[in-house]
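Colleague: I have a model open and would like to go through how its helices meet. Could you take me through the reasoning?

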Amino acid sequence: MIYWELFLGFLKIGCFSFGGAYSAIPLIRDVVLDYGWLTSDEITYMIAVSESTPGPIMVNLATYVGSTQAGLLGSVLATLTVVLPAFLIIVLITTLLKAALKNMCFQAVLDGLKNCISGIILATGLWMVLQNCGVESSFDQRALILSAAVAVVMILYRKIKSKRISPIPLILISAVLGVVVYGV
Amino acid sequence: MKLLIELFLTFAKIGLFTFGGGYAMIPVVEDNCVDKKGWITHDEMMNITVIAESTPGPIAINAATYVGLRRGGLPGAIAATLGVILPSFIIIYAISMFLEDFLEIAIISNAFKGIKIGVGFLILDAGINMALKVSRDAMAVGIMAAGFGALLIVDIFSLNVSSIAILLAAGIISFAMYFIRGRRQR
């Protein structure tokens with residue numbers, strides 16, 4: 001049943017998304033592709049939409065998948081499910097487990113998880129870039145040109161402003177590049 | 001009841017202005033909950049950041065639950081958490097109704113082909129940044145490299161292994177290493 005699947009899938013994502021804004025992306029890709037809710041391209045589009053609208057990526061993705069799979073009810077269910085673990089953990093920690101956070105063993109495991117997820121995100125980003133260029137089938141010339149252009153923009157921005165480009169301008173620039181490169 | 005409504009509305013406002021999630025929302029929460037409302041202290045705000053870092057879930061949700069719980073108990077936590085997700089819920093729900101039709105327009109579809117490539121680089125950039133922050137310690141770097149290698153192999157060979165399994169393995173190894181290292185030091 002779709003509601004049960006949405007519940008299970010987004011509960012998994014909610015439980016294992018440690019760290020910053022991007023750490024849920026590998027898990028979301030895993031779960032969403034596994035259930036066949038969205039294609040790889042649709043996930044990428046939704047990441048862009050999420051970056052340009054308010055709210056954490058995993059909450060946005062849950063709302064979107066829930067809505068496209070099972071309408072308003074599915075969308076409410078998926079959104080509430082994905083925040084449930086975070087909610088329960090904060091309630092538990094502030095009421096009962098304050099000491100647990102200072103526990104060395106607990107900290108060691110959390111550090112391990114965080115280090116591992118850094119590697120996982122790095123691999124996910126690298127694989128997405130390679131996939132977009134067509135590494136799995138045949139190389140797509142336009143995608144290669146676009147990738148080179150995006151990489152140049154990011155590196156130049158960093159050199160000139162000495163900070164990382166924020167997501168929204170980068171998304172806008174790559175949208176314009178897409179219209180130009182795929183339009184001609 | 002008044003407090004619950006105030007928590008709900010304040011966090012709805014915070015939810016509306018946190019694009020992309022993550023650390024961008026820390027100053028917004030601080031401005032609203034510490035400076036304007038005095039609901040929590042600056043120290044508590046630091047605590048929230050640390051707790052959010054080491055527990056699952058976006059920091060926006062963690063902060064809302066924490067502040068709500070401190071000010072209004074469990075009902076407060078529920079009001080603040082629902083408030084912080086409501087704006088993004090409404091926006092994405094609206095988008096979900098028309099995104100597919102929208103993508104059929106040629107120029108939009110080309111723009112999204114470009115965006116797809118941009119997002120790949122965005123995630124790669126975030127990954128590089130996170131990897132650079134991993135402490136220079138053989139064990140930390142080893143676990144990161146193992147996570148990187150394992151997921152890349154899974155992707156390249158389209159293996160049916162979940163990244164959750166890789167994470168669990170990392171957790172178990174860290175747990176074991178904690179005891180092995182502890183014993184050596186004694």
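**Helix pairs and a kink**

Modeller: Gladly. In this predicted model, helix α6 (residues 104–132) of chain A packs against helix α6 (residues 138–156) of chain B at an angle of about 40 degrees, and their axes are 7 Å apart.

Colleague: What makes α6(A) oblique to α6(B)?

Modeller: Roughly parallel needs an angle under 35 degrees, and roughly perpendicular runs from 65 to 115. The angle here is about 40 degrees, so α6(A) counts as oblique to α6(B). The crossing is right-handed.

Colleague: Which residues of α6(A) and α6(B) meet?

Modeller: Those in α6(A) include A:Gly112, A:Ile120 and A:Trp127, and those in α6(B) include B:Ala140, B:Phe148 and B:Leu152. By class, this contact has 14 nonpolar, six polar and two charged residues.

Colleague: Why is α4(A) called roughly antiparallel to α4(B)?

Modeller: The axes of helix α4 (residues 57–95) of chain A and helix α4 (residues 59–102) of chain B come within 10 Å and cross at roughly 160 degrees. Angles over 145 count as roughly antiparallel, so that name fits α4(A) and α4(B). Their contact has 15 nonpolar, 12 polar and no charged residues.

Colleague: How do you know that α4(A) is not straight?

Modeller: With 39 residues, a straight helix would reach 57 Å at 1.5 Å a residue, but the end C-alpha atoms of α4(A) are only 28 Å apart. There is also a kink of about 150 degrees in α4(A), centred on A:Ala70.

Key:
Residues are numbered from 1 along each chain as its sequence is written. Chains are lettered from A and ligands numbered from 1 in the order in which they are written. This is a predicted model: local features need pLDDT of at least 70, side-chain atom pairs count only at pLDDT 80 or more; totals for chains, interfaces and linings use all residues. Axes are lines fitted to C-alpha atoms, for helices over the stretch in contact, and angles run from 0 to 180 degrees between N-to-C directions. Helices (H or I, at least four residues) and strands (E, at least two) are DSSP runs, numbered from the N terminus. Ala, Val, Leu, Ile, Met, Phe, Trp, Tyr, Cys and Pro count as nonpolar, Asp, Glu, Lys and Arg as charged, and the others, Gly among them, as polar. The expected span of a helix is 1.5 Å times one less than its number of residues. The bend at a residue is the angle between axes fitted to the seven residues ending there and the seven starting there. A crossing is left-handed if the near helix is turned anticlockwise from the far one by less than a right angle, and right-handed if clockwise. Two residues are in contact if their C-beta atoms, placed from the backbone, lie within 7 Å.
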